[in-house]
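Open the model in your viewer and keep the sequence alongside. The stops below say what to select and what is there.

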Amino acid sequence: MFRFSRGLVAALALGACLAGCAPSKPRAPQTFQIVVDKMAFGPAPVDLHVGDTVQWVNRDMFQHSATSKTGDFDVELPPGVTGSAVMKQGGTILYNCRYHPDMKGQLSVTP
């Protein structure tokens with residue numbers, strides 16, 4: 001019967017972990033768009049991370065804003081204009097339109 005020494009077992013386990021547990025390359029910041037149309041914000045992006053940019057594209061004929069409840073961003077959106085904000089912190093960010101309070105959106109930002 002063949003027996004492994006404790007040192008050999010530990011070395012094999014460490015090698016396996018280093019091969020499979022190595023940190024992955026950081027994800028490059030991305031830009032996502034949310035379309036504003038017919039007095040509503042379109043769907044939020046699903047893979048949003050800190051450092052990513054969100055662009056709101058106003059396809060409505062009315063002035064809108066994308067204003068976070070926590071003061072993280074306040075983007076003015078005249079008709080036909082695109083405005084953006086970089087996500088600076090993780091968590092759930094609730095936002096609405098200052099001019100039309102019933103227009104609401106939510107972003108989930110991964111730290």
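**Stop 1: Leucine 107 and the core**

Select leucine 107. Leaving aside neighbours within four places in sequence, leucine 107 is in contact (heavy atoms within 4.5 Å) with Ile34, Ala44, Pro45, Leu48, Val54, Trp56, Phe73, Met87, Gly91, Thr92, Ile93 and Tyr95.

A word on the source: this is a predicted model, where local features need pLDDT of at least 70 and side-chain atom pairs count only at pLDDT 80 or more, while totals for chains, interfaces and linings use all residues. Residues are numbered from 1 along each chain as its sequence is written, and side-chain values use heavy atoms, with hydrogens and water left out.

Now add Phe41, Trp56, Ala66, Phe73, Met87 and Tyr95 to the selection. Together with Leu107, these have the most contacts inside the largest nonpolar core, which has 19 residues. Such a core is a set of buried Ala, Val, Leu, Ile, Met, Phe, Trp, Tyr and Cys residues joined through side-chain atoms within 4.5 Å. Two or more core residues come from each of strand 1, strand 4, strand 6 (74–77), strand 8 (91–96) and strand 9 (104–110). Strand 1 gives the most, with three residues.

**Stop 2: The whole chain**

Zoom out and colour by secondary structure. The protein has one helix and nine strands. Helices (H or I, at least four residues) and strands (E, at least two) are DSSP runs, numbered from the N terminus. The order of elements is α-β-β-β-β-β-β-β-β-β. Of the 111 residues, 30% count as buried. Buried means under 20% relative accessible area, exposed over 50%, and partly exposed in between (1.4 Å probe, protein chains only).

**Stop 3: Strand 1 and its sheet**

Select residues 31–37, which make up strand 1. Which side chains here are buried, and which are not? Phe32, Ile34 and Val36 point to one face and are buried. Thr31, Gln33, Val35 and Asp37 point to the other and are not. In a regular strand the side chains alternate between the two faces of the sheet.

Show strand 4 (53–58) next. Strand 1 and strand 4 pair in the parallel sense over six bridges; pairing requires that DSSP finds at least two bridges between two strands. Isoleucine 34 stands opposite tryptophan 56 in strand 4.

Then show strand 2 (40–41). Strands 1 and 2 run antiparallel, joined by two bridges. Aspartate 37 stands opposite alanine 40 in strand 2. The two strands form a hairpin with two residues between them, and lysine 38 in the turn has a positive phi of about 55 degrees.

Display the open sheet of four strands. Their order is 2-1-4-7, with mixed pairing. Strand 2 and strand 7 (82–86) stand at the edges with a single partner strand each, so one side of each is left without a neighbour in the sheet.

**Stop 4: Glycine 42**

Move to glycine 42, in the loop between strand 2 and strand 3 (48–49). Not counting residues up to four places away in sequence, glycine 42 touches Ile34 and Val35. Draw a distance to glycine 105: the C-alpha atoms are separated by 8.3 Å, and the two residues are 63 apart along the chain. Glycine 42 is partly exposed, at 22% relative accessible area.

**Stop 5: Salt bridges**

The structure holds four salt bridges, each a side-chain nitrogen of Lys or Arg within 4 Å of a carboxyl oxygen of Asp or Glu.

Select arginine 27 and aspartate 47. Their closest N and O atoms are 3.8 Å apart. Aspartate 47 lies in the loop between strand 2 and strand 3, and arginine 27 in the loop between helix 1 (6–21) and strand 1, so the pair ties together parts 20 residues apart in sequence.

Add aspartate 52. Its salt bridge with arginine 27 has its closest N and O atoms 2.9 Å apart. Aspartate 52 counts as buried, at 0% relative accessibility, whereas arginine 27 is partly exposed at 31%.

Finish with arginine 98 and glutamate 76, which meet in a salt bridge (2.2 Å, N to O). Arginine 98 is in the loop between strand 8 and strand 9, and glutamate 76 is in strand 6, 22 residues apart. Now reselect Arg27, Asp47 and Asp52: salt bridges that share partners join these into one network.
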